[in-house]
Amino acid sequence: MRKSKPTTHKHRTMSSSSTSENQNPPQLRKDPIWNRWVIFSPARSKRPSDFKSKSSSNPNPTTNCPFCIGNEHQCAPEIFRVPSEDPNWKIRVIQNLFPALSRELDDPVDGASGSVLDGFGFHDVVIETPVHSVQLCDLEREEIGEVFVAYTRRIQQLVDRHSIKYVQVFKNHGAAAGASMSHSHSQMIALPVIPPSVSARLGSMKDFFDQTGKCCICEIQRENLLIDSSTYFFSLVPYAASFPFEIWIVPRYHSAHFHELDAEKAIDLGGLLKQMLNKISLQLNDPPFNFMIHTSPLHGNESELAYTHWFIQIVPQLVGTAGFELATGCYINPVFPEDAAKVLREVNVSESG
Ligand SMILES: [Zn+2]
Ligand SMILES: [Zn+2]
């Protein structure tokens, strides 16, 4: 019954052709934004175009989903909806039913030091569509723009809470990327501290500014790395990308704070994000992904504004984080950014969809 499989001929052919394409030896590149080394080791993988996701990004469609329109009573309290007070809402911003931090606690005393703090903060959920089967990349650019405007509006409410130091906006798409609900949503966590990756990023940006008098994101290297651009933004694979097919969407204009984005730019950004999500979906077989908005602390000092510049990082989840990365903070990326950018540039996605 069980036949031994005729092995390796096909496999050998594939790997020999890939070796001929990827003769680049490993290389280390220093990422200037987080000030860390990344190892590029293309010998570890097949051709960039063979790099497809194996895990389904949307494994658990649920029938009785609290995020669907009509099930609002199953959710934690609403903060606002768009349009406001409309039963036929398009977007809802609600409290997380299982928050990482508690809004019920007292604001921590300002200037508190030491290594322990009450877990005060806000953990909100942005339901991006009332319809269960619709994903973010299915929305029109104007509708994605409205999601961005909803983020900015919520952050503007949190700016008034002086003890909130930083707001992280992020999206987990697919179970392998950490999503526990398949209904399209993103999250925002407002923290009473500045998280370590943010401090590291600010520190490197300040060093670059002190040495050159320039903002390192305004000066970012784009040659061979650009994927596309719009009126106010461009997208690229960063020179020292930590992850294969990682994409950044960067404002062309200098801006420290994401929450200052206006409606016109939000729609433009919506169009470019839609295109990038469609590109990774087509090229990488609808992979699980995360996106993160990297912005500046809410109440930073004036001088920070000159060298901090917000951007969006999109990370398709194609390789796991393993012992070496955990131990060293040094990522191994099997795809050179130039190769990833070329593949992503060449995937055609129509404007509409
Ligand atoms: Zn749903
Ligand atoms: Zn800048």
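In strand β7 of this predicted model, His185 sits across from Ile127. The two residues belong to a pairing between β5 (residues 122-127) and β7, an antiparallel arrangement held together by six bridges. On the other flank, β7 is joined to strand β6 (residues 166-173) by five bridges, and these strands also run antiparallel. Here Tyr166 has Leu191 of β7 as its bridge partner. Strand β7 itself spans residues 185-191, and because five of its seven residues are buried, the strand is largely enclosed by the rest of the structure. As a reminder for readers tracing the side chains, those of a regular strand alternate between the two faces of the sheet.

Stepping back to the whole protein gives these strands their setting. The chain has 353 residues, of which 37% count as buried, and its secondary structure comprises seven helices and 13 strands. Among contacts with a separation of 6 or more, 73% are between residues 24 or more positions apart.

Strand β7 takes its place in an open sheet of 10 strands, ordered β3-β4-β5-β7-β6-β11-β12-β10-β9-β8 and paired in antiparallel fashion. At the edges of this sheet are β3 (78-82) and β8 (226-229), each of which pairs on one side only. From one strand to the next, the twist averages 20°. Further along the order, β11 (residues 289-294) and β12 (residues 311-316) are antiparallel partners connected over six bridges. Within that pair, Ile293 faces Ile312 of β12.

A second open sheet has three strands in the order β1-β2-β13, and its pairing is mixed. Strands β1 and β13 lie at its edges with a single partner strand each, so one side of each is left without a neighbour in the sheet. Direction ignored, neighbouring strands of this sheet are turned by 30° against each other on average. The mixed character can be followed pair by pair. Strands β1 (residues 27-31) and β2 (residues 36-40) are antiparallel over five bridges, with Asp31 opposite Arg36 of β2. The hairpin they form has four residues between the strands, and in it Asn35 adopts a positive phi near 55°. By contrast, β2 and β13 (residues 331-333) pair in the parallel sense, over three bridges. Along this parallel pairing, Ile39 stands opposite Ile332 of β13, and Phe40 stands opposite Asn333 of β13.

Turning to the helices, α2 (residues 141-159) packs against α4 (residues 263-284) at an angle of about 120°, and the two axes are 7 Å apart. That angle makes α2 oblique to α4. The crossing of α2 past α4 is right-handed. On the α2 side, the contact is made by Arg141, Glu142, Ile144, Gly145, Phe148 and Val149. From α4 come Ala263, Ala266, Ile267, Leu269, Gly270, Gly271, Leu273 and Lys274. Sorted by class, the contact of α2 with α4 contains eight nonpolar, three polar and three charged residues.

Helix α4 also comes into view from another direction, through a residue of helix α7. Leu344 is located in α7 (residues 337-346). It counts as buried because 24 C-beta neighbours lie inside 10 Å, where 20 or more are required for that class. Leaving aside residues up to four places away in sequence, Leu344 touches Ile227, Val237, Phe245, Lys279 and Gln283. Two of these partners, Lys279 and Gln283, fall within the span of α4, while Ile227 falls within the edge strand β8. Asp228 offers a further link to that strand: the C-alpha atoms of Leu344 and Asp228 are 9.1 Å apart in space, although the residues are 116 apart in sequence.

Conventions
Residues numbered from 1 in each chain as written. Chains lettered and ligands numbered in written order. Predicted model: local features only at pLDDT ≥ 70, side-chain atom pairs only at ≥ 80, totals over all residues. Axes fitted to C-alpha atoms, helices over the stretch in contact; angles between N-to-C directions. Parallel < 35°, antiparallel > 145°, perpendicular 65-115°, else oblique. Left-handed = near helix turned anticlockwise from the far one by under 90°. Contact = placed C-beta atoms within 7 Å. Nonpolar A, V, L, I, M, F, W, Y, C, P; charged D, E, K, R; others polar. Buried ≥ 20, exposed ≤ 12 C-beta atoms within 10 Å, placed from the backbone. Pairing = 2+ DSSP bridges.
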